[in-house]
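Please open the structure in your viewer and keep the selection tool at hand. The tour below proceeds from stop to stop, naming what to select and what is found there.

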Amino acid sequence: MNKSVFRNLSYGVYIITTMDGDRKVGCTANSAMQITSDPATIALSLNHENYTNSCVAKTKKFAINILSEKSDPSLIGTFGFKSSKDNDKYTDVKYKMIEGVPVIEDSCGYIICEVIDTMETSTHTVFLGKVTTGDTLDKAPAMTYAYYHNVIRGTAPKNAPTYIPSEDDKKPEASSKVQWKCGICGYIYDGDVPFEELPDTWVCPLCSAPKSAFEKVS
Ligand code: FE
């Protein structure tokens, strides 16, 4: 089949947060959907390999933090592309605790859920969540996955439901400008300053990978 048809489905970009005992954990996700509004119910898909999956399964509670087009895109890299198992992802992130789970302040809203059911696929768990509270935090439009892909120019990690293998080999559109691609998250730098060599202090704005992770793709 032509898997690119999946890109015609709409997705948002979310940070899923929960607790691992007394540690705050979380990951980036884009597969969450409202099932009903009354009773308010949400479905969320998380890969089995995601450490946050096992923590949601244990605590039976999670928050969906909805990123907006104004949210700092580095949140996507901070919470994606590395594991909560060995990383404290909250070091430089503003959050507040609501109903026992962290809520990211730089988002346009949050929804907190209690897990009421799960369904296993071969790779993912679908958590069915009863919404216990939620609020809007900003009026900026919610970030869609298409916006992330086309404007921020990031890609999905391999364990994301929206990952399409051909993205791995995808080259940026032909351009006379020098472009640099992050080998970790797929972010493409093609900014107004056309670096022939990236500065030594360069870090990926999405996943914080160093200069050495970038390759020239002009
Ligand atoms: Fe990166």
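Helices (H or I, at least four residues) and strands (E, at least two) are DSSP runs, numbered from the N terminus. The model is predicted, so local features need pLDDT of at least 70 and side-chain atom pairs count only at pLDDT 80 or more, while totals for chains, interfaces and linings use all residues. Residues are numbered from 1 along each chain as its sequence is written, and side-chain values use heavy atoms, with hydrogens and water left out.

**Stop 1: the largest pocket**

Select strand 2 (23-29), strand 4 (40-47), helix 1 (51-59), helix 2 (74-79) and helix 3 (145-152); each of these supplies at least two residues of the lining of the largest pocket. Which element gives the most to this lining? Strand 2 does, with 4 residues.

On a 1 Å grid over the protein atoms alone, a pocket is an open set of points where a 1.4 Å probe fits, with protein on both sides within 12 Å along at least five of seven lines; lining residues have an atom within 4 Å of a point. The largest pocket holds about 350 Å³ of space. Now select T28, N50, G80, P157 and N159, which are the closest to its centre of the 30 residues that line the largest pocket.

Colour the lining by residue type: 14 of its residues are nonpolar, 13 are polar and 3 are charged. In this count, Ala, Val, Leu, Ile, Met, Phe, Trp, Tyr, Cys and Pro are nonpolar, Asp, Glu, Lys and Arg are charged, and the others, Gly among them, are polar.

**Stop 2: the salt bridges**

Side chains of opposite charge can pair when their charged atoms come close. A salt bridge is a side-chain nitrogen of Lys or Arg within 4 Å of a carboxyl oxygen of Asp or Glu. The structure holds 5 salt bridges, and three pairs are visited here.

Select D20 and R23, whose side chains meet in a salt bridge at 2.9 Å, N to O. Is D20 buried or exposed? D20 is buried, with a relative accessible area of 17%, and R23 is partly exposed at 28%. Buried means under 20% relative accessible area, exposed over 50%, and partly exposed in between (1.4 Å probe, protein chains only).

Next select D138 and K70, which form a salt bridge at 3.7 Å, N to O. D138 lies in the loop between strand 9 (124-136) and helix 3, and K70 in the loop between strand 5 (61-66) and helix 2, so the pair ties together parts that are 68 residues apart in sequence. D138 is partly exposed, with a relative accessible area of 31%, whereas K70 counts as exposed at 61% relative accessibility.

Then select E196 and K216, whose side chains meet in a salt bridge at 2.9 Å, N to O. This pair links distant parts of the chain, 20 residues apart: E196 is in the loop between strand 11 and strand 12, and K216 is in strand 12. E196 is partly exposed, with a relative accessible area of 49%, and K216 counts as partly exposed at 36% relative accessibility.

**Stop 3: backbone details**

Select D38 and P39: the peptide bond from D38 to P39 is cis, with omega near 0°. P39 is placed in the loop between strand 3 (32-37) and strand 4.

Move to F81, in the loop between helix 2 and strand 6. F81 has a positive phi of about 65° although it is not a glycine, and it counts as partly exposed at 24% relative accessibility.

S208 also has a positive phi of about 65° without being a glycine. Look for S208 in the loop between strand 11 (188-189) and strand 12 (214-216); S208 is partly exposed, with a relative accessible area of 46%.

**Stop 4: distances along and across the chain**

Select M97, in strand 6 (residues 95-98), together with K24. How far apart in space are M97 and K24, and how many residues apart in sequence? They are 9.8 Å apart, C-alpha to C-alpha, and 73 residues apart in sequence.

For another pair, select T118, in strand 8 (residues 109-120), and G134. T118 and G134 are 16 residues apart in sequence and 21 Å apart in space, C-alpha to C-alpha.

Terms used:
Grid points are joined across faces, edges and corners, and a volume is the space filled by probe spheres set on the points.
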